[in-house]
Amino acid sequence: MKQILTSIALIFIIVICIDDAFAQSETSKSLPVELEPYAAHAFPLEGWGNAVVDPQVPTLHGAPHLLGQWFGARRWLNKHGLYLNFAVNEEFMGNVRGGRTRSDVLAGQVAGELDIDWQRLAHVSGLWTHMLVINGHGRNFGYNLGDSVTNPEQIYGGRGNVVAHLVALYAEKTFLHKRIVVSGGDIPTGSFFAYDYVACSFMNVSVCSNFAPGKYVPGGRDWPSGNLGGVLRVFPAKKVYLMGGIFMVSPHAYNGGISGWALAQSGMSKVTSQVELGWMPWFGKHSLRGNYKLGAWYDNSRYPNLYADVHGNSFQLTGQPRRYEAGMSTAWFMFDQMLVRNGPGVAEGLVAVGGAGYSQGNLVAMRDHEWIGLVESGSPWHRRQDQIGAMFQHMDMSSTLSLQQESSRALGLPYLSNQWGPVWGVQHWENVYEAFYSTHVLRNSTTMQFDFQYLQHPGATTTFHDAAVLGIQLTANL
C-alpha cells in the first residue's frame, strides 16, 4: 500500500514539472446561448469519466428529455441555476440455460436529481449543491442464478422499502479558477473514485459505476449508499487531476440505514482514506480522448480474517476466536481510450475500456478483478446515439476464502456467506462474457438496450452449469 501511494506521489510531481499550464474547463453545451455571458460550468461532469452521479440518472447537462422543456419550466429553472431531473430505469432479465434455477426478474427504479448552481441563484461564485434520491423495486437475479460474485443486473437491492432512498446530498466549491474543487457531505465514494463512465454502457454491475471488489466492502461502499466525508480535487494541469478523500466507515449493513437518511449512525469511529491520480489526454488530429486513472484506499478499521483463528488455524475447526487484522486496502488501474473518432462527442467513436482492481485477500472474498472491452457509437451506421459493445471480465476469489470453504466442507458445515452473499461451493474464479446493443427512441430521450451475458462458473464454483442470460433495459430521461 505504501509503495502504491509513493508511486502516485512521484508520478504527480513529474506531471506537474512537465506541464504546469492549466486551462479552464469547457462550459456545459446544454445551456441556451442567451444565458451568456455567464455560462454554468458543469464541473462535476467535466473531465469525462469523473462524474458525481450514477449513470442511471442522466444529468441535465446536455441530455435530451422525453417531456422536453416541461412547458417552459425547465428553461426558467435552468436560468435560475436549478437543474432538476427525473429518470426511470426498468430491467428484465432471465437465464435461458444453466445456473441454480431457470427464472426471470424485473427490477427498476425512479430517480430524482437536483443540482443547484448558486452563482446563478444567489451570486455565490463556484458553489454547487447536489441531491439524489431514488425509489427502487425488484429482486436480486444473482441469487436465482446461484451467483453472488457478479450480477448481470445494474439495478437491484440496496434501495430499501422506502419512497425516497437518499443516495447523495453534498456541496461543492471551486477555488483558484477551478484548479481546486472541494466537496463535502453525504457522497457515494465510487462516484468520485474508481469511476468509469464508459464501462456503465454494460449492464453487468461488477464494473458499473465502479468495480468489484472495492465497492462491496465497508470502506468503499458505492451507489446507492452515501458516505459522510469530503473530497479534494486538484487540477495542476489541463489534462491531470489528483484527488483525495476521507470518509467515515459504517459498521452497519447499510450506510445511512435502509433509507439512507440516517446520516448520524452509531459506531462510525473509523475512516477510509482514498487517493486517485488521473490523466485525460487527447491524441492526434482527431482528438482521440483518453482517461487513465490509478488509485488506492485504506480503511483503518479492524476486520476478521476469513480463515484463521488467533493461532492461525481454522476457526471453524478449533472454535477459537477469529483473528482480526488492522486495516484493509484496495487498489485499481482503469482506462478508457478512443481508438477511432466518429463524431464530435467525447465518447463518440470506437472506445477501448479496461482495468484491474485488487482487494486484500485475507479479508475480502474477491481478491482481484480484470476486465477489457470495446464500445462503438452509432455513427458508422448513421445512428449517432446508438451503441454496440462487448466485454470480458475475470474474477479471482481469495485463496484464504478457499481455505475457509474447504474447512467447512471437511467439517460438514454449511458454507458461510461473505460480502457477496450466499455461497454454494468452494469458490475459485468466474468469467463473464457480455455483448449489448443500445438504441435511442422517443426524441432520443429513451434508451432501449438488448443484452447477452455468458457466465462461466457461476458463483465462482462448479456447482451449477454455466449460465446464458438475456436481458433488456429501458431508461427514460424525463
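Start by selecting G108 and H137: G108 stands opposite H137 in strand 3. Strand 3 covers residues 127-137, and 10 bridges join strand 2 to strand 3, with the two running antiparallel. Here strands are DSSP runs of E with at least two residues, helices are DSSP runs of H or I with at least four residues, and both are numbered from the N terminus. Two strands pair if DSSP finds at least two bridges between them.

A word about what is on your screen: this is a predicted model, where local features need pLDDT of at least 70, side-chain atom pairs count only at pLDDT 80 or more, and totals for chains, interfaces and linings use all residues. Residues are numbered from 1 along each chain as its sequence is written, and side-chain values use heavy atoms, leaving out hydrogens and water.

**The hairpin**

Now color strand 2, residues 104-117. Of its 14 residues, 10 are buried (under 20% relative accessible area; exposed is over 50% and partly exposed lies in between, with a 1.4 Å probe and protein chains only). Next, add strand 1, residues 82-97, which pairs with strand 2 in the antiparallel sense over 13 bridges. Which residue of strand 2 does A87 stand opposite? Select A111 to find the partner of A87. Then follow the chain through the turn: six residues lie between strand 1 and strand 2 in this hairpin, and G98 in the turn has a positive phi of about 75°.

**The salt bridges**

Side chains of opposite charge can pair when their charged atoms come close. How many salt bridges does the structure hold? There are six, each one a side-chain nitrogen of Lys or Arg within 4 Å of a carboxyl oxygen of Asp or Glu.

Show the side chains of E172 and R233, which meet in a salt bridge at 2.3 Å, N to O. This pair links distant parts of the chain, 61 residues apart: E172 belongs to strand 4 (residues 165-175) and R233 to strand 6 (residues 227-237). Both E172 and R233 are buried.

Move on to R384 and E348, another salt bridge, at 2.7 Å from N to O. R384 sits in the loop between strand 13 (366-377) and strand 14 (387-397), while E348 sits in the loop between strand 11 (322-341) and strand 12 (349-359), 36 residues apart. Are these partners buried or exposed? R384 counts as partly exposed because its relative accessibility is 47%, whereas E348 is buried at 7%.

Now pick R367 and D396, whose closest N and O atoms are 3.8 Å apart in their salt bridge. R367 is in strand 13 and D396 is in strand 14, 29 residues apart. R367 is partly exposed, with a relative accessible area of 32%, and D396 is buried, at 18%. Add D368 to the selection: salt bridges that share partners join R367, D368 and D396 into one network.

**A loop histidine**

Select H457, in the loop between strand 16 (446-456) and strand 17 (467-477). H457 counts as buried because its relative accessible area is 19%. Leaving aside neighbours within four places in sequence, H457 is in contact (heavy atoms within 4.5 Å) with W429, E430, T462 and D466.

**Zoom out**

Finally, show the whole protein chain, with its six helices and 17 strands. Of its 478 residues, 56% count as buried. Among contacts with a separation of 6 or more, 67% come from residues 24 or more positions apart.
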